[in-house]
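Reader: I'd like to go through a few of the labels on this model. Can you show me what stands behind each one?

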Amino acid sequence: MAGNGKILKAILNAAIFIALEIAALSMLQSNGTLQSTWVLKGIHAFHAAVWGKTEEVKYYFSLKKENDRLAAENFALSQKLRHYLVSEAEKTDSSWTGEGGPVASGDSVYTGRYSYRQATISKISNNRQRNFIIIDKGSEDGVLPQSGLITGQGVIGIVDAVSRHYSYAISFKNAGMTVSARVGRTGPVGSLIWDGTSSNGAVLNEIPHHIAIERGDTVYTSGFSSIFPPDIPLGKVGDSRIVDGATYEIDVELFEDFRALRYVTIVRNTGREEIDSLVSQQEP
């Protein structure tokens, strides 16, 4: 009971204080033009501050909604672009899904031998030697291990494990991951690997030294992988050096900024299982 009395007394004191403050402000405002102007300025400043914070919150949520809309639009446009870049030979293949453009099925879009699905990054590491990515799509969304993660500006990673609603991927910024890459669309093919230190640096190995390589040339995925489709731009050629007198080791500046990643595309080669089965039959 004593505690309740203290609480009631505190509430009463607060109410009296607020009433006195309101009375004082009323008297001050009615006491003259100068005081009235001062009070109104204070009230307006308070309203402006509250309105500003409210608008900041509204802007934050509207900006996220706009970003999501733009990401979805970009995804749709990228699938149309991939359709136009598919080779004529692939279009005549029995696995081609239609001449009229990308074919949608559920949340996936099929172009040629590949299916594409948009995803959002839930967690990403960038400051380790073996970095990872977690995306917000899992087995219930049809995601399978060994699917690729890409954007319009690069290879991001490979899905390694899948739960019901999330997938864990090995980031390209991982000392154990390599990507089959080509200099130009018709140039030599080598292995692209993260340089292990910079946020946007990689090294392209196994390029024959007798082939002319120009600084600034674009590096693309080769298409020789059973995971990633061909002709995804990865970066541009920088410095190069000859290793063991036989091949070039080429520095590549990646186009994608891993520190700013939020949206990715899950890509799946629909013929991967058949390819893997064929390879395994030939292995001793």
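Author: Sure, here are some labels and the reasoning behind them; keep in mind that this is a predicted model.

Reader: Why is Ser-171 called buried?

Author: Ser-171 has a relative accessible area of 0%, and buried means under 20%, so Ser-171 counts as buried. Ser-171 lies in strand 7, residues 167-174. Residues that Ser-171 touches include Asn-131, Phe-132, Ile-133 and Phe-258.

Reader: What makes the link between the side chain of Ser-171 and the backbone nitrogen of Lys-173 a polar contact?

Author: The side chain of Ser-171 reaches that nitrogen of Lys-173 at 3.0 Å. The cut-off is within 3.5 Å, so the pair qualifies.

Reader: And why is Glu-206 exposed, while Asp-231 is called partly exposed?

Author: Exposed means over 50%. Glu-206 comes in at 51%, so Glu-206 counts as exposed. Asp-231 has 25%, which falls between 20% and 50%, so Asp-231 is partly exposed. Glu-206 sits in strand 10 (residues 201-208), whereas Asp-231 is in the loop between strand 11 (218-221) and strand 12 (233-243).

Reader: What is notable about phi at Glu-206?

Author: Glu-206 has a positive phi of about 70°, though it is not a glycine. Most residues other than glycine have a negative phi. Asp-231 also has a positive phi of about 70° without being a glycine.

Reader: How many cavities of 30 Å³ or more are there, and what lines the largest cavity?

Author: The count is one. The largest cavity has a volume of about 50 Å³. Its lining divides into seven nonpolar residues, one polar and one charged. Gly-154, Glu-256 and Phe-258 are among the lining residues; Gly counts as polar and Glu as charged.

Conventions: Residues are numbered from 1 along each chain as its sequence is written. This is a predicted model: local features need pLDDT of at least 70, side-chain atom pairs count only at pLDDT 80 or more; totals for chains, interfaces and linings use all residues. Side-chain values use heavy atoms; hydrogens and water are left out. Helices (H or I, at least four residues) and strands (E, at least two) are DSSP runs, numbered from the N terminus. Buried means under 20% relative accessible area, exposed over 50%, partly exposed in between (1.4 Å probe, protein chains only). A polar contact is a pair of N or O atoms within 3.5 Å; within protein, one must be able to donate a hydrogen and the other to accept it, and residues adjacent in sequence count only if both atoms are side-chain atoms. Contact means heavy atoms within 4.5 Å. On a 1 Å grid over the protein atoms alone, a cavity is a set of points where a 1.4 Å probe fits but cannot get out, and a pocket is an open set with protein on both sides within 12 Å along at least five of seven lines; lining residues have an atom within 4 Å of a point. Grid points are joined across faces, edges and corners, and a volume is the space filled by probe spheres set on the points. Lists of a residue's contacts leave out its neighbours within four places in sequence.
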